[in-house]
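Trainee: Hi! I'm new to this one, could you walk me through it?
Mentor: Happy to, let's have it up on screen and start with the cavities.

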Amino acid sequence: MTWLEFRDRVCADGMAALPAHVVRLRAAPSEVAALQQAGLSRLLDHAVRHSPFHRARLAGVDIRTISATDLTALPVMTKEQMMSSLDDVFTDSRLTRARVEQALAETEETPVPIDGEFLALATGGSTGRRAIITYDVPGLVGYLCSLARPMAARLQEVAGDGPVPTLTLAMVAAASAKHATQAMAHFAAGTLPFRFDHVPATLPLPDIVAQLNTSQPPALMGYASMIYRLAAEQRAGRLQISPLSVSATSESLDTAMRDAITEAFGIPVVNTFGSTEGLVGATPPGGDAIVFNTDLCIVELVDDEYRPVETGAPSSRILLTNLYNLTQPLIRYEITDRFRQVTDPNGTGLLNAVVHGRAEEILRYGAVEIHPHAVTTVMVGAAGVVDYQVHQTVGGLRIDLVTEPGFDDDLLADTLRASLGRAGLSDAKVELRRVEALRRDEKTGKVRRFNPLPRTDGLNA
C-alpha cells in the first residue's frame, strides 16, 4: 500500500468518526467515566493477551477489578523500560524495533507506513529522551480525531447551518514527518475540513517571514516559541499577515507570550497540547486551561512519589494511560510535564488543566536565531542516542551524549552541521561528548535540555 492509499484510508475513517468526537467535547462526567472504564477494560485485556512486556508486568494483578478511577494497583511504565523492551511491548508480532527504526530512517518529508497498517513516530518529549510510538489505523483515527475536533468544532460554529468551510493553516513546526506535528499535517491533506501549509521551524526566521508574507495564511499555527517570535516580526512590520486564528502548540505559552501574540495579531490565541503518546487538547481562544481528550485517555496528576496531587496544585509529572492505542499499550506511562488541574467551567467530564514547563530556548548567534528543533529533529532520528543535552558554544554546539554501543559519532556530527547550516548557521562547530549520565537540576531533578550562552544585551535568553 502506498503512502497516499494509507493516508486516504485513515482520513476516510477519520471523517466518518469525527462528528461523534466533536460531540464528545461536551460529554458529561458520567459519559466520560463510562468511556474510560470500557476503554480501560479493553486495553488491559488486549495488553495481557498480546504484549509479553505487559503480561509479565501485570502478572498477579486481577485486571478485571481495576477501576478507571484508581490505577494504583498497576505499575508505573517509564520511557526507558518501554524502549529497552520495545519488541515485547508491541501487541502485533509483525512489529519490531528494527522495523520501526527502518521506517523512521526512511522518513523525510513524507511518512512511511509499515505493511500498510502501522505508522511509527519519534519524539524527544519534554525531557528530550528519544522514544518511538507506533499506531495502527484505528489508533491513528483516534489520534487524528483528538487533534482535529477542537478546530472542527470552531468551524462548525462559524458555519452554523451551512456547509463547513475548509480552512488553510500555516503550520510553523517540525520539518520532518518523523514528528507528529508534521506527520498529522499530511493526513489533513486528505479529506479533513482544513489543510496545512507547512513552514519548517528550522528555517532562518527571515525565510519564514517571507514565506508567510507570500502565502497570507487565514490561520497560523506553530510552536509557541515560533509564534512568539513571529508576533515580534508582526509588530516590527516585517511580517504582514492578518490571520483569523492563531494557535500555539508543543511548548509552554506563558501569560506574557500570550499577551504579546494577542496584541500583535489582534485576536486571542488558542493554546494546544499534542503529545506523540496520544494525550492532546486545546484551550478556548484566549483561555488558560487546556481541555484534554480524557474520553480516550486516563491522566493521573502525581508528585515525585507518584502520589496524586489535589486539584489546583501543580503535579511534578503525569501518568498517561492511552485507551485507544492497542498496538503499543501505554499503561500509567510517565511523562514529566507538570499539570495543574482546574475546574471545568462547562461542567463536562474532560480534564481541564494548565500545563507548565514545555518551553525550549532559542539559540542565538549574533543576528542568527536557531530554533531547538533544528537539533531535536536530528536527535530523534538518531537510533543509537539514549539521551542528550545541548550546550551552546561560540559558533556551534557541544552535545553530551548517552548512547548505545557502536554509535556513529561522525555521522551524527555531520547531520547536525548540515541542519544548523540550513537554519542559517554556516560552518557550525559541533562537538559530541560521551557521558555516562546527564547533569540534572539539583532542585527538580530535570535535565535542562538546551543551555544557551548568556545573553550580552541584558535580556534573558
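Trainee: Which elements each supply at least two residues of the lining of the second largest cavity?
Mentor: Those are α9 (205-215), α10 (224-236) and β16 (368-370). Helices (H or I, at least four residues) and strands (E, at least two) are DSSP runs, numbered from the N terminus. A cavity is a set of points on a 1 Å grid over the protein atoms alone where a 1.4 Å probe fits but cannot get out, and lining residues have an atom within 4 Å of a point.

Trainee: Before we go on, what sort of model is this?
Mentor: A predicted one: local features need pLDDT of at least 70, side-chain atom pairs count only at pLDDT 80 or more, and totals for chains, interfaces and linings use all residues. Residues are numbered from 1 along each chain as its sequence is written, and side-chain values use heavy atoms, with hydrogens and water left out.

Trainee: Okay, back to that cavity. What volume does the second largest one have?
Mentor: About 70 Å³, where a volume is the space filled by probe spheres set on the grid points, which are joined across faces, edges and corners. Among the residues lining this cavity are Leu205, Ile208, Met226, Arg229 and His371. By class, its lining has 8 nonpolar, 1 polar and 2 charged residues. Ala, Val, Leu, Ile, Met, Phe, Trp, Tyr, Cys and Pro count as nonpolar, Asp, Glu, Lys and Arg as charged, and the others, Gly among them, as polar.

Trainee: How many cavities of 30 Å³ or more are there?
Mentor: There are 3. The largest has a volume of about 400 Å³. It is lined by 28 residues, and Leu147, Ala148, Met171, Phe196 and Met221 are the closest to its centre.

Trainee: Which element gives the most to that lining?
Mentor: That's α7, with 8 residues of the largest cavity's lining. Others that supply at least two residues each include β3 (167-173), β4 (194-200) and β6 (245-249). The classes here are 19 nonpolar, 8 polar and 1 charged.

Trainee: Switching topic, what order do the strands take in the 9-strand sheet?
Mentor: The open sheet runs β4-β3-β5-β6-β7-β8-β9-β14-β13, with mixed pairing. Two strands pair if DSSP finds at least two bridges between them. β4 and β13 (338-341) are the edge strands, each pairing on one side only.

Trainee: Is the pairing of β5 and β6 parallel or antiparallel?
Mentor: Parallel, over 5 bridges, with β5 covering residues 219-223. Met221 sits opposite Ser247 in β6, and Met221 is also one of the residues closest to the centre of the largest cavity.

Trainee: What lies across these strands?
Mentor: α10 lies across β3, β5 and β6, at about 125° to β5. Helix α11 (residues 255-265) lies across β5, β6 and β7, at about 130° to β7. Contact means heavy atoms within 4.5 Å; axes are lines fitted to C-alpha atoms, for helices over the stretch in contact, and angles run from 0 to 180 degrees between N-to-C directions.

Trainee: And the 4-strand sheet, which strands are in it?
Mentor: It is an open sheet in the order β19-β18-β17-β20, again with mixed pairing. β17 (residues 385-393) and β18 pair in the antiparallel sense over 8 bridges, and Val385 stands opposite Thr403 in β18. α13 packs on this sheet, touching β17, β18 and β19.

Trainee: Last one, how many salt bridges does a search of the whole structure find?
Mentor: It finds 23, counting a side-chain nitrogen of Lys or Arg within 4 Å of a carboxyl oxygen of Asp or Glu. One joins Arg97 and Glu404 at 3.5 Å, N to O. Arg97 is in helix α6 (residues 97-106) and Glu404 in the loop between β18 (396-403) and α13 (409-422), so to speak distant parts of the chain, 307 residues apart.

How values were computed. 1 Å grid on protein atoms, 1.4 Å probe; cavity = no way out; pocket = protein on both sides within 12 Å on 5 of 7 lines; lining within 4 Å.
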